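Colleague: I should be grateful for a close look at a single part of this chain. Please describe one small sheet, the helices that pack on it and the residues that link them.

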Amino acid sequence: MRTILITGPGGSGRTTLSAATALAAAAKGTNTLVLSADRTDTLGAALGVPTGPTPVEAAPRLTAWRPDPAQDFRRDLTALQDRASSALDLLGASRLDPEELTPLPGAGELALLRALRDAALAESYDLLVVDLPPTPQALALLALPEELRRYLRRLLPPERQAARALRPVLGRLAGVPMPADWLYETAGRWDLELAAAEAVVADRDTVVRLVAEPGPAGADAVRGAGLGLALRGLRTDVVVANRVLPEASPDTWLAGPVAQQRKTLEEWREAYDVRTVAHLGRDPLGADDLTALAAPGAEHTGSPVEWPVTDRLGEDGVLVWHIPLPGAIREELDLVRRGDELVVTAGRFRRIVPLPSALRRCTVDGAGLRDGELCVRFAPDPKLWPRAR
């Protein structure tokens with residue numbers, strides 16, 4: 001299944017373009033599902049068909065789905081209370097009824113990730129179009145599976161679950177109760193669910209599509225999004241310049257905005273495959289307007305993002321890890337080695353990545369940024385590196 005994740009700054013028309021992209025693919029005979037995370041039904045307004053927690057047929061070969069975070073949150077918390085009933089009774093805690101539960105911040109993101117996973121596992125669609133939140137929230141959402149899995153592994157390492165028989169003894173020795181089996185089982189189930197969502201996001205057939213209006217604000221948004229996506233190893237297939245004004249217009253007052261758009265488009269074309277969508281002169285509503293937008297197709301181009309390691313031991317005595325970071329600024333870069341992980345900070349973005357196996361037996365020997373690529377040098381640690389015979 002191919003997946004297109006669509007995001008952009010708030011008010012850029014990303015939901016409308018998500019609907020138009022999905023509708024165009026379905027019209028070509030592709031079984032398509034379009035997902036949205038919006039609390040309000042902007043997706044339904046664009047398609048002309050109300051959407052909600054139950055998938056609906058919006059057009060031939062097109063299904064629309066807007067997961068309900070409240071429903072998932074109530075179900076998950078109720079199940080957790082059932083699993084922890086003994087501990088809650090011991091503490092004298094009173095349970096919460098499903099009717100009194102309201103979703104906490106972040107429940108919407110988790111609901112969308114779960115829907116993303118379910119759609120991929122169902123294997124009922126050839127194309128999945130996801131209307132993500134505005135770019136800052138979208139970047140945090142795409143990072144969530146990887147980061148939560150790391151937290152779970154640190155707080156409840158799976159290898160400790162194997163010592164079930166020793167847990168009562170260890171509890172008496174430590175003087176504190178050890179985590180119960182249900183806690184490890186719950187953590188294991190969460191890890192599997194997060195791993196499935198992470199696999200969809202990181203799949204070679206998944207791309208991110210940026211939607212923005214060409215102009216100073218849109219240029220800043222695309223620049224920041226490009227860096228954040230690159231640090232996550234995600235690939236941008238096209239940048240959709242939305243609401244582009246006509247070059248030849250009798251209205252003289254459009255000359256300034258048109259020149260501004262032209263400048264931004266030239267800048268984007270130096271780094272991205274840019275597709276333009278004309279301004280209809282109104283808010284697109286319904287299938288006819290979405291078709292008139294002529295949204296870019298769903299064909300994927302290019303290759304997945306790679307962070308290769310090159311062997312320069314013979315020439316310089318180092319291994320070099322190449323990390324593409326287009327748009328990064330040298331003064332805003334920071335690297336910290338932490339055990340078998342590397343903490344990379346680029347501007348306001350930060351990611352903790354595991355080192356490739358060969359680099360874990362090395363020490364950091366320096367780093368440099370050139371032409372949008374961060375090159376980190378690693379020198380073999382004599383204590384860990386096999387000696388040549």
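Modeller: The account below begins with the chain as a whole, turns to the three-stranded sheet, and then follows its helices outward.

The model is a predicted one. Its chain has 389 residues, of which 42% are buried, and its secondary structure comprises eleven helices and 15 strands. Among contacts with a separation of 6 or more, 68% join residues 24 or more positions apart.

The part in question is an open sheet of three strands in the order β11-β12-β13, and its pairing is antiparallel. Strands β11 (333-338) and β13 occupy the edges; each has a single partner strand, so one side of each is left without a neighbour in the sheet. From one strand to the next the twist averages 15°.

The pairing of β11 with β12 can be followed residue by residue. Strand β12 covers residues 341-346, and six bridges join β11 to this antiparallel partner. Asp 334 has Thr 345 of β12 as its bridge partner, while Arg 338 stands opposite Glu 341, also in β12. The hairpin of β11 and β12 has two residues between the strands, and in this hairpin Gly 339 takes a positive phi near 60°.

The loop between β10 (318-324) and β11 contains Arg 330. With a relative accessibility of 52%, Arg 330 counts as exposed, because the threshold for that class is over 50%. Arg 330 and Gly 368 are 38 residues apart along the chain, yet their C-alpha atoms are separated by 8.3 Å.

Strand β13 (residues 349-354) holds another arginine, Arg 351. Arg 351 has a relative accessible area of 13% and is therefore buried, the limit being under 20%. The side chain of Arg 351 makes a polar contact of 2.8 Å with the side chain of Glu 146. Leaving aside residues up to four places away in sequence, Arg 351 touches Glu 146, Leu 231, Arg 232, Gly 233, Trp 307, Leu 342, Val 343 and Val 344. Of these partners, Glu 146 falls within helix α6 (residues 135-155) and Leu 231 within helix α9 (residues 216-231).

Both of those helices also meet the sheet. Helix α6 lies across β11, β12 and β13 and runs at about 45° to β13. Helix α9 packs on the sheet as well, touching β12 and β13, and its direction makes about 15° with that of β13.

The two helices also pack on each other. The axes of α6 and α9 come within 10 Å and cross at roughly 0°, which means that α6 is roughly parallel to α9. On the α6 side the contact is made by Thr 135, Leu 139 and Leu 142, and on the α9 side by Ala 225, Gly 228 and Leu 229. Four residues of this contact are nonpolar, two are polar and none is charged.

Helix α6 has a further helical partner in α5. The axes of α5 and α6 are 10 Å apart, and the helices pack at an angle of about 85°; α5 is therefore roughly perpendicular to α6. Helix α5 contributes Glu 109, Leu 110, Leu 112 and Leu 113 to the contact, and α6 contributes Leu 141, Leu 144, Pro 145 and Leu 148. The residues here divide into seven nonpolar, no polar and one charged.

Through α5 the description reaches another sheet. Helix α5 (residues 107-122) lies across β1, β2 (32-36), β4 (62-65) and β5 (127-131), and runs at about 170° to β2. These strands belong to an open sheet of eight strands with mixed pairing, in the order β3-β4-β2-β5-β1-β6-β7-β8. The edge strands of this sheet are β3 (56-59) and β8 (274-278), each of which pairs on one side only. Neighbouring strands are turned by 25° against each other on average, direction ignored. Within this sheet, strand β1 (residues 2-7) and strand β6 (residues 206-212) pair in the parallel sense over five bridges, and Ile 4 stands opposite Val 207 in β6.

To return to the part requested, α6 lies across the three strands β11, β12 and β13, and it packs with both α9 and α5. The buried Arg 351 joins β13 to Glu 146 by a polar contact between side chains.

Terms used. Residues are numbered from 1 along each chain as its sequence is written. This is a predicted model: local features need pLDDT of at least 70, side-chain atom pairs count only at pLDDT 80 or more; totals for chains, interfaces and linings use all residues. Side-chain values use heavy atoms; hydrogens and water are left out. Axes are lines fitted to C-alpha atoms, for helices over the stretch in contact, and angles run from 0 to 180 degrees between N-to-C directions. Helices (H or I, at least four residues) and strands (E, at least two) are DSSP runs, numbered from the N terminus. Angles under 35 degrees count as roughly parallel, over 145 as roughly antiparallel, 65 to 115 as roughly perpendicular and the rest as oblique. Contact means heavy atoms within 4.5 Å. Ala, Val, Leu, Ile, Met, Phe, Trp, Tyr, Cys and Pro count as nonpolar, Asp, Glu, Lys and Arg as charged, and the others, Gly among them, as polar. Buried means under 20% relative accessible area, exposed over 50%, partly exposed in between (1.4 Å probe, protein chains only). A polar contact is a pair of N or O atoms within 3.5 Å; within protein, one must be able to donate a hydrogen and the other to accept it, and residues adjacent in sequence count only if both atoms are side-chain atoms. Two strands pair if DSSP finds at least two bridges between them.
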